[in-house]
Each structure stands twice: as structure tokens, then as C-alpha cells.
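Hi everyone, thanks for coming. I'd like to walk you through one structure today, and I'll try to keep it friendly for anyone new to this.

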Amino acid sequence: GTTVRLYLPRSAVAAEKGRGVDAKILPRGKGETILLIEDDPDVRTLTVKLLESLEYRAVAVADSDNASDVLAAGLVADLVLSDVVLPGGTSGPEFIENARLHYPNLKVVFMSGYTSEAAGGIGRDTPLIDKPFQRRELAHVLRETLDRGAASATGASSRP
């Protein structure tokens, strides 16, 4: 039966409607397809919502086996956003190493709740974002990675 009341002062500035101030300055997707590999269902669901709010198309799977199946079925992924530690014995970096045998130009961003030293197996030029990450951080790292080498073929389109 406890009642808690919180009184806050009114702001002199009117609230903005829509996506907010942040949305106007964040880099956006251009409809690119992101293959998300994340084993935690809550993190996976939240990340899909973040990706879609940034105007990316998200295809989400829980592990590297499912990711391999999705790519083999013909998904043209512009970028893979993968957890470093995955269930089933294949880590994110191992999955990418194997996937690049078929898709040599596949772009990747890793995410991890571990320190970069503990995450291990990630190349120096491969972005790693720490979980939990902010929408702003995700927006910037995705756009920078996708725009890097944009003149060359991307992802699964380079399949032999």
C-alpha cells in the first residue's frame, strides 16, 4: 500500500514529436540487410528493433549453424553483426573466417559483453562494440563499416 510521488519541474522547452533530436543526426541505413547472430533472445529482439529503427533490414539467428544455413539459402547480407561468443562450439570470429571462404568481401561488426582482450580472435581492422551498446554507437559503427570500401562488391554478392 505504499504510494510514491515524484514531482519534477516543468521544462520551458516544448517536447519534440517523432523520433527525437537524436534521430535527425544519426547515420541511417539505406535498406541494407544485416545478418544478426546473437544467442540471447532478449538481446536479439532488442537489436533487431534497433536495426529496424535505423532503417536496416534485419535477419536474426541464434547461432553460427543457422547463420550458415541462411547464407546458403541465398541471403545477400551486406554486413554480419555477430556476438563473439556463440553456442555450439563455433565463435563469431571462427564463423566469419569460414564464411569468408565463400563470401570474401563480407563485412562484419562484432559485439561482446567481454573485454576486447577476452573476446579474442578478432582482427585489428574489425570493429568490436561492447554490450550493452547505445543506439548511437551502433548507428555509427554500422554506417562506417558499410561505407568502407563501398566501391567494391559487398557480402554474399561475391559468392563464387
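Let's begin with a question: how many bridges join strand 4 to strand 5? There are 3 bridges, and these two strands run parallel. One of the links is between Ser112 and Asp130, its bridge partner in strand 5. Please keep in mind that what you see is a predicted model.

Now look at the other neighbour of strand 4. Strand 3, residues 79-83, pairs with strand 4 in the parallel sense, over 4 bridges. Here Val80 has Val108 of strand 4 as its bridge partner. To get from strand 3 to strand 4, the chain passes through helix 4, residues 92-99, and this β-α-β crossover is right-handed.

Is strand 4 itself buried or exposed? All of it is buried: 5 of the 5 residues, 108-112, so the strand is largely enclosed by the rest of the structure. A bit of background helps here. In a regular strand, side chains alternate between the two faces of the sheet. You can follow that in strand 4, where Val108, Phe110 and Ser112 point one way while Val109 and Met111 point the other way.

Let's zoom out to the whole sheet. It is an open sheet of 5 strands in the order 2-1-3-4-5, with parallel pairing. Strand 2 and strand 5 stand at the edges with a single partner strand each, so one side of each has no neighbour in the sheet. On average, neighbouring strands are turned by 20 degrees against each other, direction ignored.

Next come the helices that lie on this sheet. Helix 2, residues 41-53, lies across strand 1, strand 2 and strand 3, and runs at about 165 degrees to strand 2. Helix 3, residues 64-72, packs on the sheet too, touching strand 1 and strand 2, and its direction makes about 155 degrees with that of strand 1.

Let's stay with helix 3 for a moment. Which of its residues are buried? They are Ser64, Ala67 and Leu71. Looking down the axis of helix 3, you would see the buried residues fall within an arc of 55 degrees, so they line one face of the helix. The general idea is that an α-helix has 3.6 residues a turn, so residues three or four places apart point the same way. The buried residues of helix 3 pack against strand 1, strand 2 and helix 4. On the other side of helix 3, Asp65, Asp69 and Ala72 are exposed.

The ends of helix 3 are worth a look as well. Asp63 caps the N-terminal end, with a side-chain oxygen 3.2 Å from the backbone nitrogen of Asp65. After helix 3 comes Gly74, whose phi is positive, near 110 degrees.

Finally, let's visit two residues in a loop. Arg28 sits in the loop between helix 1 and strand 1. Its relative accessibility is 16%, and buried means under 20%, so Arg28 counts as buried. The side chains of Arg28 and Glu55 are joined by a polar contact of 3.4 Å.

Glu32 lies in the loop between helix 1 and strand 1, and Glu32 is buried, with a relative accessible area of 11%. Its side chain reaches the backbone nitrogen of Lys30 at 2.5 Å. Leaving aside neighbours within four places in sequence, the contacts of Glu32 are Tyr56, Arg57, Asp78, Arg143 and Leu146.

That's my tour, and I'm happy to take questions.

How values were computed. Residues numbered from 1 in each chain as written. Predicted model: local features only at pLDDT ≥ 70, side-chain atom pairs only at ≥ 80, totals over all residues. Heavy atoms only, no water. Buried < 20%, exposed > 50% of the residue type's maximum accessible area, 1.4 Å probe, protein only. Pairing = 2+ DSSP bridges. Right-handed = clockwise from strand over helix to strand, strands pointing away. Axes fitted to C-alpha atoms, helices over the stretch in contact; angles between N-to-C directions. Contact = heavy atoms within 4.5 Å. Arc of directions from axis to C-beta. Polar contact = N/O pair within 3.5 Å; in protein donor to acceptor, adjacent residues only side chain to side chain.
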